[in-house]
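Welcome! Take a moment to look over the chain below, and then we will walk through it together, one topic at a time.

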Amino acid sequence: MSLPKYIVDPDSVFEGVKEEDLRQKPDYASVDRTYLAEKTNKHEEGSLEWIVHQLVRALEKEASHKINVNQWQTIDKEKFKWSTNGGPEYTAQQVTENGSYNLLIGDTPYYSAKDHSWQSSHDTFHKAFAGSGFAWEAVKVYSGPPKVAFTWRHWGHHNGEFDGHAPTGKVVELTGACIAQVNAELKLESVEFFFDSTEFFKALYSGEQVSEHKDAYK
């Protein structure tokens, strides 16, 4: 079967989208450089791992930038649900309103989603990973489709202040797993993320405190 355009070229999800329908202008130059230089896998084009990687990249682009979920190409809009660690299920509309960082992390001892808007959550992590971005890669795919189980890695260089703590300049990474359900057209019906963010946040808070911090971790 031929692959959807958003898998062949994830940037194609922005084609024909007006500027007023985007939260901000997409700029992936830094994160693409980090990914290409530091990825741990080189998935063969057309392989299952490559398809999963491309699909999640396309979903991230839509979730992070496209305001109108009716313009999202990567999901089955009637069925799509998003959840983390067996927690509440969210619709695409809730994702775009609250922000992917907030719904992925929620309220923890280290980060309080209820204290962040969509914009402030993105600004917080973009500042922490200034210059490198927060790169993502699919690591290993265990099954699929229609039910796709895979592990992933998310990483960046801690070059900017995070919640009042100075940058360390070190690579900080978050690893986890995901179970995704896709339909025959390779549109996502659900994504369930599983990860432990404890060490990730401890690393971000390991720098010297240079200003008042807002979140809960001390």
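Two strands count as paired if DSSP finds at least two bridges between them. With that in mind, Lys140 stands opposite Thr151 in β3. Please remember that this is a predicted model.

**The whole chain**

- The protein chain holds seven helices and five strands.
- Starting at the N terminus, you will meet its elements in the order α-α-α-β-α-α-α-β-β-β-β-α.
- The C-alpha trace spans about 55 × 35 × 35 Å along its principal axes.
- A compact globule with 218 residues would have a radius of gyration near 17 Å, and the protein chain agrees with this because its own value is 17 Å.
- Of the 218 residues, 50% are buried.
- The accessible surface of the protein chain is about 10900 Å², and carbon and sulfur atoms account for 49% of that surface.
- If you take the contacts between residues at least 6 apart in sequence, 61% of them join residues at least 24 apart.

**Strands side by side**

- Strand β2 (residues 135-143) pairs with strand β3 (residues 147-157) in the antiparallel sense, over seven bridges.
- β2 and β3 form a hairpin with three residues between the strands, and Gly144 takes a positive phi near 130 degrees there.
- β3 also runs antiparallel to β4, and 11 bridges join these two strands.
- Within that arrangement, you can find Ala149 opposite Ile179 in β4.
- On to the next pair: β4 and strand β5 (residues 188-195) are antiparallel and joined by seven bridges.
- Here Cys178 stands opposite Phe193 in β5.
- The hairpin of β4 and β5 has five residues between the strands, and Leu186 in the turn shows a positive phi of about 60 degrees.

**Two faces of one strand**

- In a regular strand, side chains alternate between the two faces of the sheet.
- Strand β4 (residues 171-182) lets you see this alternation along its length.
- Val172, Leu174, Gly176, Cys178, Ala180 and Val182 point to one face of β4 and are buried.
- Val171, Glu173, Thr175, Ala177, Ile179 and Gln181 point to the other face and are not buried.

**Two sides of one helix**

- Which residues of α2 are buried? They are Val31, Thr34 and Tyr35.
- These residues lie on the same side of α2, because they cover an arc of only 100 degrees around the axis.
- Arg33, Leu36 and Ala37 are exposed on the other side of α2.
- The cover over the buried residues of α2 includes α3, β2 and β3.

**Two loop residues to find**

- Pro10 sits in the loop between α1 (5-8) and α2.
- Is Pro10 buried or exposed? Its relative accessibility is 3%, so Pro10 counts as buried.
- Setting aside neighbours within four places in sequence, Pro10 is in contact with Gln54, Arg57, Ala58 and Lys61.
- Pro10 and Val56 are 46 residues apart in sequence, yet their C-alpha atoms are 8.9 Å apart in space.
- Ser47 belongs to the loop between α2 (29-38) and α3 (48-65).
- Ser47 has 18% relative accessibility and therefore counts as buried, since the cut-off for buried is under 20%.
- The side chain of Ser47 reaches the backbone oxygen of Glu44 at 2.7 Å.

Notes:
Residues numbered from 1 in each chain as written. Predicted model: local features only at pLDDT ≥ 70, side-chain atom pairs only at ≥ 80, totals over all residues. Heavy atoms only, no water. Helix = DSSP H or I, 4+ residues; strand = E, 2+ residues; numbered from the N terminus. Buried < 20%, exposed > 50% of the residue type's maximum accessible area, 1.4 Å probe, protein only. Polar contact = N/O pair within 3.5 Å; in protein donor to acceptor, adjacent residues only side chain to side chain. Arc of directions from axis to C-beta. Contact = heavy atoms within 4.5 Å. Rg over C-alpha atoms; globule rule 2.2 N^0.38 Å. Areas by Shrake-Rupley, 256 points an atom, 1.4 Å probe, with all protein chains shown as cover.
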